[in-house]
Amino acid sequence: MREYLSQKWTAAKRHPWVKLVLLFTLRMFGGGDSDSNEGGAGIGAILVLLAMPGILVSLLLLEKYGSLIRFLRGQGAFDPFVSTIPDEYFFIVLSMGVIGSVILWRWETIFPDKRDFQNLVHLPISLGRIFLANLVAIGLFALLLIVVTNLASSILFPVAVLESEGTIKDFFPFAFGHAVTIFAAGVFTAMAIFAALGTLMAVLPYGMFRVASLVAKFVIAIALLILLVLGGSVPDTLAKEVHPSGLNLGYLPTVWMLALAQTLWGHNTDAHVSEMARRAVNVSGTLFFIVLVTYWAGFRKSFQRIPEFAERSALPLWRRPSSFAPLRVETLLLTNAVRACYRFALRTLFRSGTHVQLMLAVIALSAITVAKLVLDFYAAHTLSEKTSAYDSLLSLPFLVGFLILCGLRLAFEIPVDIRANWTLKFWLDPAKQQARSIARAVMYSICLSWLIPITVVYSVRLWGWIDGLLHTLFFGVCALLLIEVLIVKYRKIPFTCVFPSYKSHSPLVLALYLLGFIFFGTYIPHLESEALISRWDMLWFLPVLSGIYLGLKTYRRQMLDMDKSLIFEESDQL
Amino acid sequence: MLEAKGLFKYYGSVPAVRNVNFHIGPGQVLGYLGPNGSGKSTTVKLLTGLLEPTRGQVLFSGKNIHDNLVSYRKRLGYVPEEANLYGYMTGEEYLAMVGTFREMPSHILRHRMNKLLELLSLAEHRHVPMSSYSKGMRQRILLIAALMDDPEILILDEPLSGLDAVSSLVFRYLIQGLCLKGKAIFYCSHVLEVVEKVCTQLLILQKGEVIAHGSIDDVRRQIGQSTVEDIFLQVVAEKDVSRIANDIVDVIIHTR
């Protein structure tokens, strides 16, 4: 049987149409993309990573729904169809978030590009066949993502909920409703994004589509982040309201999906919930239709015109970033080499699609963080809530600064075009250790040049001149120190090094960034708010911050010259 | 002016260049020839300091170039084999970046850049990202970048690649003009006809070793052939090229 299937598969693979489908599908997962700078994390690794959140969360819930824990917490009667609603909502958000993020990540590989055009169009393959293969590949890509992301939790979550006290009679409807819902959430997300991409492609000229798709990605990323941020509070709000559809929450696709789960469980008696479940089904069906129509229209319109546009920059709007006044710190830079590299780095950051996307993601994250803090501030009712929210406004520049500076530091590690590095290699003297000056100048320009003035304005308005200026000064010094910490061992020209070092020890780096975020974004502002009660206490920070600065200086001085010299290639050996 | 002295380069245990010696004086053009994989590009990288020799030295005015690489490169113009450029930069931005690295005074940089862009028919494309340039346009950008600081030495690795017929002719006369002004030029190419017309010396490399070196007339006499093409074919080609071509035709037409 196995041999028979293997023979059938080998025969099928020889078919030109199957070959095309495989070509497109593999590229969407990052396979067969030898020119890519992403280093090609294998398909297997990607799929394992996708499955992990669902598995981990389900395992953690084993404890939560264990009968002993519920007994110890004094929780009595247990209705799995009611008590699990917050977790069901979480799984819906997780499914949408993970699938949405992966599709955004692989966005550029979904539609056939110039390389496909050059390799396929001169061959005896009809345009319709290329379109159909691409469409099937998109379907396979989405299906695989959805299955891998949700399969584990569709089994483990019902087991976790019903293993101690559930009955078989409850188990099957619960598992069925949960599985269908989270799969439907994934399908909905994939189709919503593909529909957006298809509509843009069908409506806009190809050149404009490339710019618009970047904006669309940013908007979708913001939408996904909003879903994640609201993830904790939506189920509570829904539980308090008699008619959720009367709230704005009724417009959230996640709420429709939750309603779908409740309807499928057969425990729904609310007409509004049924209405929202119907909305989930209707909108998904409409999206499916939109995807088909707009993709065909967009494909016909754009694919044959690829050679006219594909080589153009996707970002024509930012042609001259260095002429933007706040960014002209280059005049302060001492050597020509540093000045030239600074301009190079800024241009890369503003024009390279990958780097712009990364920075947009960071900006989106920062925007959501700011929005959350400001909303908390306005939503505070009691005095203690107001005091706490007021204090948390102190952390605004710290959080935004940390996110942008760390985002920049991460972006520096992503090479833009390693084949073109010869120009920089040719001119830069490795012994001169100019990398940090360049990185520092870019970080000042991109982050501090606008964040410090904004901090002055809002903090003086909120806390008056003295506290406002003290806060700005304190933030400024902390941000400068953060930059020094981030670049203490930096010895590359941004965007040029062949091997992204974060890959070699990424879990450790991720943990450090998370700790840093908590420390810099919440702990330091908390200390500052304590110190601001009596302003003289701010002086305590002086020796601490000076000590950190001197420590960094000493560390640099003790480093070997060979560890400080400029590099363009990095081995993955730690 | 520029001298290669006993150059050896090994990649691991694989020899790429073995015992290469030559000297290029002011006003001389060395034509550097060899089949694919003979070590030409490795030599170019050694001469530009992008690679360090395993053994031997590259000397500029009697000094090892690695003693002060940046100062050496300021006197060097280099056109690489492949026009790998940052596609999102415009032609003008790229040239300005190179001019800044070369520490050219900004008024001279601007003047020369404008003039050269105009002369090489790139003025109207100066603000366009180089990703939309043709191969020939990118090659012309590289030529401007190499020439605009008036270098003493020029290292040209397949400089005609992608250039149209008119630009190629301009380039040929340009080499002769620069040669008359005392520039030392290292010219690495497969276009044997141009090599014959512009070079004063010839060096033929095979499997990393020099198999013929001298003035073009000397080499002609040594090998007993009248053209550079015949010389090249005699010393390098292991098979009869016309026979290979006929065999290819046979495979396509007759194999069923």
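Me: A helix here is a DSSP run of H or I with at least four residues. In this predicted model, which helix holds His355(A)?

Reply: His355(A) lies in helix α17 of chain A, which covers residues 353-379.

Me: Why is His355(A) called buried?

Reply: A residue is buried if 20 or more other C-beta atoms lie within 10 Å of its own. His355(A) has 23 other C-beta atoms within 10 Å, and it is therefore buried.

Me: Which residues are in contact with His355(A), leaving aside its neighbours within four places in sequence?

Reply: The contacts of His355(A) outside that window are Thr348(A), Leu349(A), Ala411(A), Ile414(A) and Phe495(A). As for Ile414(A), it is 59 residues from His355(A) in sequence, while the two C-alpha atoms are 7.8 Å apart in space.

Me: Phe495(A) is one of those contacts. What makes Phe495(A) count as buried?

Reply: The count for Phe495(A) is 27 other C-beta atoms within 10 Å. The definition asks for 20 or more, so Phe495(A) is buried. Phe495(A) is placed in the loop between α21 and α22 (506-533) of chain A.

Me: What is notable about the phi of Phe495(A)?

Reply: Phi of Phe495(A) is positive, at about 70°, although the residue is not a glycine. In chain B, Ser121(B) also has a positive phi, near 60°, and is a residue other than glycine. Ser121(B) sits in the loop between α4 (106-119) and α5 (135-147) of chain B.

Me: How do you know which burial class Ser121(B) belongs to?

Reply: With 15 other C-beta atoms within 10 Å, Ser121(B) falls between the limit for exposed, 12 or fewer, and the limit for buried, 20 or more. Ser121(B) is therefore partly exposed.

Me: What class do Phe568(A) and Ser101(A) receive by that test?

Reply: Phe568(A) has 18 C-beta neighbours inside 10 Å and so counts as partly exposed. Ser101(A) likewise has 18 C-beta neighbours inside 10 Å and so counts as partly exposed. Phe568(A) belongs to the segment after α24 (561-564) of chain A, whereas Ser101(A) belongs to helix α6 (residues 85-105) of chain A. From Phe568(A) to Ser388(A) there are 180 residues in sequence and 47 Å in space, C-alpha to C-alpha. From Ser101(A) to Gly30(A) there are 71 residues in sequence and 15 Å in space, again C-alpha to C-alpha.

Me: Two packed helices are described by the angle between their axes and the distance between the axes. How do you know how α19(A) and α21(A) are oriented to each other?

Reply: The axes of α19 (residues 396-412) and α21 (residues 435-486) of chain A cross at roughly 170° and come within 9 Å. Angles over 145 degrees count as roughly antiparallel. The helices α19(A) and α21(A) are therefore roughly antiparallel to each other.

Me: What kinds of residue make up the contact of α19(A) with α21(A)?

Reply: The residues of that contact are 20 nonpolar, two polar and one charged.

Me: What is known of the domains of chain A, and how do they touch?

Reply: The domain assignment gives domain 1 (12-309) and domain 2 (327-564). Ten residues of domain 1 of chain A are in contact with 13 residues of domain 2 of chain A. On the domain 1 side, seven residues are nonpolar, two polar and one charged.

Me: What forms the side of chain A that touches chain B?

Reply: Between the chains, 22 residues of chain A are in contact with 22 residues of chain B. On the chain A side, the elements giving two or more residues are α16 (336-351) and α20 (422-427). The most come from α16(A), with eight residues. By class, this side has eight nonpolar, four polar and ten charged residues.

Me: What makes chain B as compact as a globular protein of its length?

Reply: The radius of gyration of chain B is 19 Å, and the globule rule gives 18 Å for 256 residues. The two values are close, so chain B is as compact as a globular protein of that length. Its C-alpha trace spans about 60 × 50 × 40 Å along the principal axes.

Me: What secondary structure do chain A and chain B have?

Reply: Chain A has 24 helices and zero strands; chain B has ten helices and ten strands. Buried residues make up 34% of the 574 residues of chain A and 42% of the 256 residues of chain B.

Methods:
Residues are numbered from 1 along each chain as its sequence is written. Chains are lettered from A and ligands numbered from 1 in the order in which they are written. This is a predicted model: local features need pLDDT of at least 70, side-chain atom pairs count only at pLDDT 80 or more; totals for chains, interfaces and linings use all residues. Two residues are in contact if their C-beta atoms, placed from the backbone, lie within 7 Å. Ala, Val, Leu, Ile, Met, Phe, Trp, Tyr, Cys and Pro count as nonpolar, Asp, Glu, Lys and Arg as charged, and the others, Gly among them, as polar. Domain bounds come from an automatic or database domain assignment. The radius of gyration is taken over C-alpha atoms; the globule rule is 2.2 Å times the number of residues to the power 0.38. Axes are lines fitted to C-alpha atoms, for helices over the stretch in contact, and angles run from 0 to 180 degrees between N-to-C directions. Angles under 35 degrees count as roughly parallel, over 145 as roughly antiparallel, 65 to 115 as roughly perpendicular and the rest as oblique.
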